[in-house]
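Okay, thanks everyone, let's get going. I'll put the sequence and the structure up, and then walk you through the parts I'd like you to look at.

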Amino acid sequence: MSKKKFKTEVSQLLHLIIHSLYSHREIFLRELISNASDAIDKLRYLTLTDDQMKHLAVEPKITITFDDKNQKTLTVMDNGIGMNEKDLEEQLGTIARSGTRKFLEQMEQEKKRDAQLIGQFGVGFYSSFMIADRVEVLTRKAGEDTAWLWSSTGKNSYSVEPSQREEQGTTITLHLNDEGKEFANRWQIEQLVKKYSDHIAFPIFLEYDKVTWEGEGEKRKEKVEHTSEQINVAAALWKRPKGELSEEDYHEFYKSLSHDMDDPLFYLHTAAEGTLEYTTLFYVPKKAPFDMYYADYKPGVKLYVKRVFITDDEKELLPTYLRFVRGIIDSEDLPLNVSREILQKNRILKNIQNASVKKLLSEFKKISESNGALYQEFISQYNRPLKEGLYSDFTNRETLLELVRFKSTEREEFVSLESYVERMKDDQKAIYYIAGGKEDTLRKSPLLEAYKKRGIEVLIMDDEIDEIVIPSIGPFKDKELKAINRSGAAEDLKDAGDEKKEQEAKPVVDKIKEALKDKVKDVKVSSRLTTAPACIMVDEHDPTVQMQQMLKAMGQSDDTPMIPILEINPEHPIVQSIARTDDKQYAADLSAILLDQAYLVEGVMIKEPADFVRRLNEALSKTFTS
Ligand code: ADP
Ligand code: MG
């Protein structure tokens, strides 16, 4: 027998599970059944694709037994793929995905430590330690002779030793603790299976001693009979007609599919008949999956062929930007023994995918038109992935442009480009936005003043991804999208008086240029500033300062500093002081102050704050003494 230590993360996790998860302990059963079902899925797939496994005639079955008399145990047994020694170590001794750390972090913050969360993080097995003080896993991998017995009390270590098991599969025995005793009970188990696992595709049997009475009067006596009874419906819910299914049916199925504790935001059930025959059932979770922004996120859609599970680990079933969607694709046309490599190039699957994306997007569109509140809730979670779609999904760009939402100077809630265009002034040339920074900073930008004065709405793009996506999308309904902190947009606001203003300001512009030298690309007279003395802009195709900082933080940019264009307001007293003075040093100091403060307003750290403060103090002193 060998004794092994759990990896640190597993130990931490177990400690947390044993000591601080109190509510919904009963979900351990859902998790074990879900693992049993996964194991049978995997084996069925192998018997179809692997010649060595073809002879295994599996009649899929999950069996639950319990002992409520002496031992107080509960057992969940399956005839699925099983595990060998290496699997045990990898699956039940370490945690491969990044789920655990995230789970631990989330739990630290949570006041109400709810066990329901656990399944989503891919650590469901360990939930058995909430109700058991010892867990044994007797398992034999399909195609192998040796069985293994894994055993642990959940405290730092586990043991593994060779053992016996008649056929392939896994038996998990829970030695129930005080909190767990109540689960060694027929009614409890039946009720929990109904609640959480009714729609598992395989039959779940409960074995128990049935007590009947025989005979009459004096001769009447108890007869105990060991029976086995199926306690779930075990039907592929998605194959049943919509009319037969209630909202509750859909919701319960969602929960067992996704391990989510909330109902979904909405769902979409489609049966396609025609050249291709397939069924899809898609759900959008209320809250974005925790791993939505992880590279190793777990895909949420399972592929079935004629109700036989094929894979749940295929990231290409839907495009990456729809990775938050949960659900099922079940095809009648794909061959059952389709291998994963073939899948990726399969034409049938491609067609199903394309149609599914269209269906999903048009459902989103429908909701946006018919149920504003629901759509805002949807957008609060999934705006960003949809924006990713703008640059990754060319075919559906039109629809995606209608679906994404933005913050705006004119509205409290998110607005669509469509509604922006409807509100545009008659002579307005473009859709204006400001990007590159936090919402607060952007909303305070001095550049907005001019737009506000003219009643022009500006979109506030504070999402990091905006700066990458928006420049690539081209016009919307023939209207160009223009960033107001880039040089191009400035031209649009010029009017007749501006040319004269420019001519008059030429001397001061030259003076500032001379003072700032190569710290600026150019100095321009602003048609847009009213109260602020100056602001910085970037040349049409340069990255913004914030974007450069971001790239730098990601290690993707060298140190060449971004050189901005300085836009000045000739009516401002500071600029007028520069124009008036003959003191070269004073003019240079004031010019440097203009540039530095323009950086600061943008939320960008200036390089030499001490110099800035010195210049500022000198300038202020001059004002006080003059
Ligand atoms: P998840 O199911 O999300 O992967 P779990 O903690 O529930 O996370 O299970 C961890 C792993 O242990 C599974 O991925 C699987 O490889 C293995 N496992 C658990 N139960 C069984 C079982 N009954 N049969 C075969 N493998 C199992
Ligand atoms: Mg699991």
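Let's begin at the ligand, and keep in mind that this is a predicted model. Ligand 1 has 12 residues around it, and the closest of them are Asn 35, Asp 78, Gly 122, Gly 124 and Phe 125. If you sort that shell by class, you get five nonpolar, five polar and two charged residues. Which helices supply at least two residues each of the shell? Those are α2, running over 27-49, and α3, over 85-92.

Now the polar side of things. The side chain of Asn 35 has an N or O atom 2.8 Å from an oxygen atom of ligand 1. Gln 91 does something along those lines too: an N or O atom of its side chain is 3.3 Å from an oxygen atom of the ligand. With Thr 170, look at a nitrogen atom of ligand 1 instead, which is 3.3 Å from an N or O atom in that side chain. And how much of the ligand does the protein cover? Taken on its own, ligand 1 has 520 Å² of accessible area, and 85% of that is covered by the protein.

Okay, leaving the ligand and moving on to the aromatics. Searching the whole structure turns up 23 aromatic pairs. I'll pick out Phe 266 with Phe 378: the ring centres are 5.8 Å apart, the planes make an angle of 50°, and the pair is tilted. Why does this pair tie together parts that are 112 residues apart in sequence? Because Phe 266 is in strand β10, residues 266-272, whereas Phe 378 is in helix α9, residues 372-392. Buried or exposed, those two, Phe 266 and Phe 378? Both are buried.

Stay on Phe 378 for a second, since Tyr 375 pairs with it as well. Here the centres are 5.5 Å apart and the planes are at 40°, so this pair is tilted. Tyr 375 and Phe 378 are both in helix α9, three residues apart, so about one turn of the helix. Tyr 375 is buried, just like Phe 378. Zoom out a little and you'll see a cluster, linked by ring pairs, that takes in Phe 266, Phe 324, Phe 364, Tyr 375, Phe 378 and Tyr 382.

While we're on rings, there are arginines to show you. Arg 186 lies over the face of Trp 187, 4.5 Å from the ring centre. Then there's Arg 384, whose charged end sits over the ring of Tyr 293, at 4.9 Å from the centre.

Next, a few single residues. Ser 368 is in helix α8, which covers residues 347-370. Its relative accessibility is 19%, and buried means under 20%, so Ser 368 counts as buried. What does the side chain of Ser 368 reach? That would be the backbone oxygen of Lys 365, at 2.6 Å.

Over in strand β21, residues 565-568, have a look at Ile 565. Ile 565 has a relative accessibility of 3%, so we call it buried. Val 523 is 42 residues away from Ile 565 in sequence, and yet the C-alpha to C-alpha distance is 5.9 Å.

Last stop, the loops. Lys 72 is in the loop between β2 (62-67) and β3 (73-78). Lys 72 has 24% relative accessibility, so it counts as partly exposed. In sequence, Lys 72 is 112 residues from Ala 184, but C-alpha to C-alpha they are 6.4 Å apart in space. Also, check the backbone: Lys 72 isn't a glycine, but its phi is positive, about 55°.

Asn 156 has a positive phi too, near 70°, and again the residue is something other than glycine. You'll find Asn 156 in the loop between β5 (147-152) and β6 (157-163). Its relative accessibility is 46%, so Asn 156 counts as partly exposed.

That's my tour. Happy to rotate the view if anyone wants another look.

Note on methods. Residues numbered from 1 in each chain as written. Chains lettered and ligands numbered in written order. Predicted model: local features only at pLDDT ≥ 70, side-chain atom pairs only at ≥ 80, totals over all residues. Heavy atoms only, no water. Near = heavy atom within 4 Å. Polar contact = N/O pair within 3.5 Å; in protein donor to acceptor, adjacent residues only side chain to side chain. Areas by Shrake-Rupley, 256 points an atom, 1.4 Å probe, with all protein chains shown as cover. Helix = DSSP H or I, 4+ residues; strand = E, 2+ residues; numbered from the N terminus. Nonpolar A, V, L, I, M, F, W, Y, C, P; charged D, E, K, R; others polar. Phe/Tyr/Trp six-rings, centres within 6.5 Å; stacked < 30°, edge-to-face > 60°. Buried < 20%, exposed > 50% of the residue type's maximum accessible area, 1.4 Å probe, protein only. Lys NZ or Arg CZ within 6 Å of the ring centre and 35° of its normal.
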